[in-house]
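Q: Got a minute to go through this one with me? Let's start with the surface.

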Amino acid sequence: MQFPNRKPNRLSDYDYSRNGAYFITICTKDSKCILSHIVEDTSVGDGVLDVPKIHLTKFGKIVNDRIIEMNNIYKNVSVEKYVVMPNHIHLLIVIDSYNESIYDGTSRTPSPTRQNSVISSFVSTFKRYTNKQIGYNIWQRSFHDHVIRNEEDYVTRWQYIDENPRKWLIGKDEYYSL
């Protein structure tokens with residue numbers, strides 16, 4: 001079914017199975033803040049701008065464990081950096097080779113095609129695993145992606161992940177909600 005007002009999420013002529021780095025954002029269904037709580041850690045720093053601390057909820061702990069597990073399922077895909085925010089996660093994912101077998105056989109996800117890329121397959125498997133352990137769907141449909149274009153872009157996304165909890169604390173996070 002096509003949604004007439006829905007903007008396509010993926011680049012139409014890009015192969016999301018190509019070697020490279022990708023910045024992925026996956027949001028919770030209805031933007032519910034069920035994954036973590038972000039608080040100021042006043043025990044660190046000079047008190048001017050205290051360090052944010054992320055407290056994972058029981059769902060956030062499951063999400064965190066599944067992210068780590070995904071590195072074992074997809075042999076040539078690695079999550080290099082991530083953050084579990086209250087209602088979304090950011091992942092910096094690298095595909096380092098698709099000439100070898102991508103999967104170790106534990107997932108029933110089909111081999112990647114143009115429509116079913118490694119990135120889409122990775123996200124689909126991740127969502128399915130977390131939902132299965134939680135017992136119901138916690139994720140919104142689809143996900144946001146950004147193809148990393150160069151080293152500067154990579155560093156910018158890495159820093160974004162590092163700074164995102166502080167942005168949440170001051171209400172400047174793009175996905176901020178209460």
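A: Sure. It's a predicted model, and the chain exposes about 10,400 Å², with carbon and sulfur atoms supplying 49% of that.

Q: And how much of the chain is buried?
A: Buried residues are 46% of the 178 in the chain.

Q: What's the secondary structure, and in what order do the elements run?
A: There are 3 helices and 6 strands. From the N terminus, the order is β-β-β-α-β-β-α-β-α.

Q: Switching to charges: where does Lys-127 sit?
A: Lys-127 is in helix α2, which covers residues 118-134.

Q: What about a salt bridge for that lysine, and how far is the nearest opposite charge?
A: Lys-127 has no salt bridge, although it's buried. The nearest side chain of opposite charge is Asp-145, 11 Å away.

Q: Then which backbone oxygen does the Lys-127 side chain reach?
A: That of Gln-140, at 2.9 Å.

Q: Which residues is Lys-127 in contact with, leaving aside neighbours within four places in sequence?
A: Ile-26, Trp-139, Gln-140, Arg-141 and Ser-142.

Q: New topic: how many aromatic pairs are there?
A: The count is 5. In one of them, the ring centres of Phe-23 and Tyr-160 are 5.8 Å apart and the planes are at 90 degrees, so that pair is edge-to-face.

Q: Which parts of the chain does that pair link?
A: Distant ones: Phe-23 is in strand β1 (residues 20-27) and Tyr-160 in helix α3 (residues 151-169), 137 residues apart.

Q: Are those two buried or exposed?
A: Phe-23 and Tyr-160 are both buried.

Terms used. Residues numbered from 1 in each chain as written. Predicted model: local features only at pLDDT ≥ 70, side-chain atom pairs only at ≥ 80, totals over all residues. Heavy atoms only, no water. Helix = DSSP H or I, 4+ residues; strand = E, 2+ residues; numbered from the N terminus. Buried < 20%, exposed > 50% of the residue type's maximum accessible area, 1.4 Å probe, protein only. Areas by Shrake-Rupley, 256 points an atom, 1.4 Å probe, with all protein chains shown as cover. Lys, Arg positive; Asp, Glu negative; His and termini not counted. Salt bridge = Lys/Arg side-chain N within 4 Å of Asp/Glu carboxyl O. Polar contact = N/O pair within 3.5 Å; in protein donor to acceptor, adjacent residues only side chain to side chain. Contact = heavy atoms within 4.5 Å. Phe/Tyr/Trp six-rings, centres within 6.5 Å; stacked < 30°, edge-to-face > 60°.
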